[in-house]
Every structure is written in structure tokens, then in C-alpha cells.
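Hi there,

Here is the structure I promised to pass on to you. Have a look at it first, and then read my notes below.

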Amino acid sequence: MNAIRSILFYLGYGVIMLITGLIVAPIALLTSKHRRFRILNFYNYGIMLWLRITCGIRIKVHGNRDLPKVPCIIISNHQSEWETLYLQLLKPPTCTVLKKELLKIPVFGWLLRLINPIAIDRSHPSKAFKAMMKGGQERVKEGFSVLMFPEGTRVPPGDRKPFSKSGVMMAQKAGAQIIPVAHNGGEHWLTGSWIKKPGVIDVVVGEAIDTVGRPVNDVQDEVVNWIDAQLDEIISVPRPQISPQQAEGDSE
């Protein structure tokens, strides 16, 4: 049954993408850059609604509902494609840090370009870091929040990967607060599989964390410890403890 539901979901996914590319995107191009985000979010809302109808996946948001009015850096764990879609709805307009290869995908990549992402080349870490820092400052100055996944790749719910400090450093350079987010999306939108599992995706949104004038390591510890604590609560499979070697490596 889950396979049939998933097939129906992806059929609708394609239809929503085509409608967005052929109808919604041209309308969005006629508007200001900020208003464009709200129009193009039709795509994200449409995917989330269709996901619920076909696959029985619901979303429950916990925690902070009163987000700052000013742009922030949203830092989240990364388990699947689901959060790249849903978390853009958390505090629009929000730009996402992503690998530049995604911009080459027909239709999908064209739509991504319209929402002003920070595209990086992960094969050149030094250039990618500079592009993130510069892009983050520019987006915040223009009035956009930025969505980041500092694990750098998708991490299945039962695994663990250290967070880089790039999100914290971006927030400090941009003079912005951090909104930490934890979710268990990978338990239902499976990594490495097209099958979707019904159930509830829990999203926990933390209070804004100040970054200006604070040591990077202190802010990093606060963000990571909060996300880790929430993941331990909402993920149904055991997560390994971070090793001393991992902790030391991430603090360098």
C-alpha cells in the first residue's frame, strides 16, 4: 500500500512542478523579489498537502511560534528532501544554502533560481565557505532569512554527523539571530528510498539565539546541544553518542 501511495505522490509531485513552472513562475517573475517567494511557495504548500492526501504524512509543529520579524539564520538537521521544502515555509521569505548542481535540474532548478538561493560548489570547500559568508550577509541585508543544514549531507534518523560552524559564523557576520530547528522528517520521507511512510513528522522550533559579541564555540554548543536534545526526544530509533574524536574535530 505504501508503494502505491508513493507512486501517486510522485505523479502529483510532477504535476505540481509543471503547474508551478508553466503558470505560477511567470506570474512570480512580474512581482518584486520579496513577493515572489510567497507566490512560489504555492509549490511547497502544494507538495505538503499532496503528501498528506496520498501518503498520510502529517506535520506537527512544536515550540516557538513567535519568530522575530527581522531576517534570521535557520539552522536545522538534515535527513531528507522533505525539510528543504517545508522549512522554507517557516519564515518566508527564506533563501536556502544548497549545492549548485541542483540548479541544473530541468524545471526544478529553474524554479530554485527564482528564490535567490546561495549555491555553493562543494568540490572547492574554501570557495564554498566564502560564498556562504558573502551570500548570507547579502541576503540578510536584503531582508531574507537563510536556511542552512550544517551537517552538509542527509543523515538518516539513526545516525549522527557533526554540525559545521558555518551557520553560526554566517549569523555572526550578518549580525543575525539563529533559529534552531529539529525534525524527524527522515522517518517518513525516507533517505535513499522513494517509499513514503505514513505518520506524523514532528518539527520543533527553538527560541531565537543571539550571536553578536559571543564566542563562536559558545553559540555552536548552544545550537547543537539544543537540536541534539530535541532529536533524542522525537526520533524513534536510538542515536549514537558523538565520539570524543568527532567533538574535537568539530571544534577545530
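Before we start, one term: two residues are in contact, or touch, when they have heavy atoms within 4.5 Å. Also keep in mind that this is a predicted model.

With that in hand, take D228, which sits in helix 7. Leaving aside residues up to four places away in sequence, D228 touches R160 and R239. Is D228 buried or exposed? Its relative accessible area is 17%, and the cut-off for buried is under 20%, so D228 counts as buried.

D228 has company. Helix 7 covers residues 216-234, 19 residues in total, and spans 27 Å from its first C-alpha to its last, close to the 27 Å expected at 1.5 Å a residue. Its buried residues are V219, Q220, V223, V224, I227, D228, Q230, L231 and I234. Looking down the axis of helix 7, you would find these buried residues within an arc of 165°, so they line one face of the helix. Here is a bit of background that helps: an α-helix has 3.6 residues a turn, so residues three or four places apart point the same way.

Now for the sheet. It is an open one, made of seven strands in the order 1-7-6-2-5-3-4, with mixed pairing. Which strands are at the edges? They are strand 1 (57-63) and strand 4 (118-120), and each of them pairs on one side only. From one strand to the next, the twist averages 20°. As general background, strands of a sheet pair through backbone hydrogen bonds, either parallel or antiparallel.

Zoom in on strand 4: its pairing with strand 3 (residues 94-99) is parallel, over three bridges. One to find on screen is V97, whose bridge partner in strand 4 is I118. Helix 5 (residues 125-141) packs on the sheet here, touching strand 2 (72-76), strand 3, strand 4 and strand 5 (145-148), and its direction makes about 175° with that of strand 4. Helix 2 (residues 33-55) lies across strand 1 and strand 3, and runs at about 120° to strand 1.

Last stop: L8, in helix 1 (residues 2-29). With a relative accessible area of 42%, L8 is partly exposed. Not counting residues up to four places away in sequence, L8 touches W50 and T54. And how far apart are the C-alpha atoms of L8 and V212? They are separated by 47 Å, with their positions 204 residues apart along the chain.

Have fun exploring!

Terms used:
Residues numbered from 1 in each chain as written. Predicted model: local features only at pLDDT ≥ 70, side-chain atom pairs only at ≥ 80, totals over all residues. Heavy atoms only, no water. Pairing = 2+ DSSP bridges. Helix = DSSP H or I, 4+ residues; strand = E, 2+ residues; numbered from the N terminus. Axes fitted to C-alpha atoms, helices over the stretch in contact; angles between N-to-C directions. Expected span 1.5 Å × (residues − 1). Buried < 20%, exposed > 50% of the residue type's maximum accessible area, 1.4 Å probe, protein only. Arc of directions from axis to C-beta.
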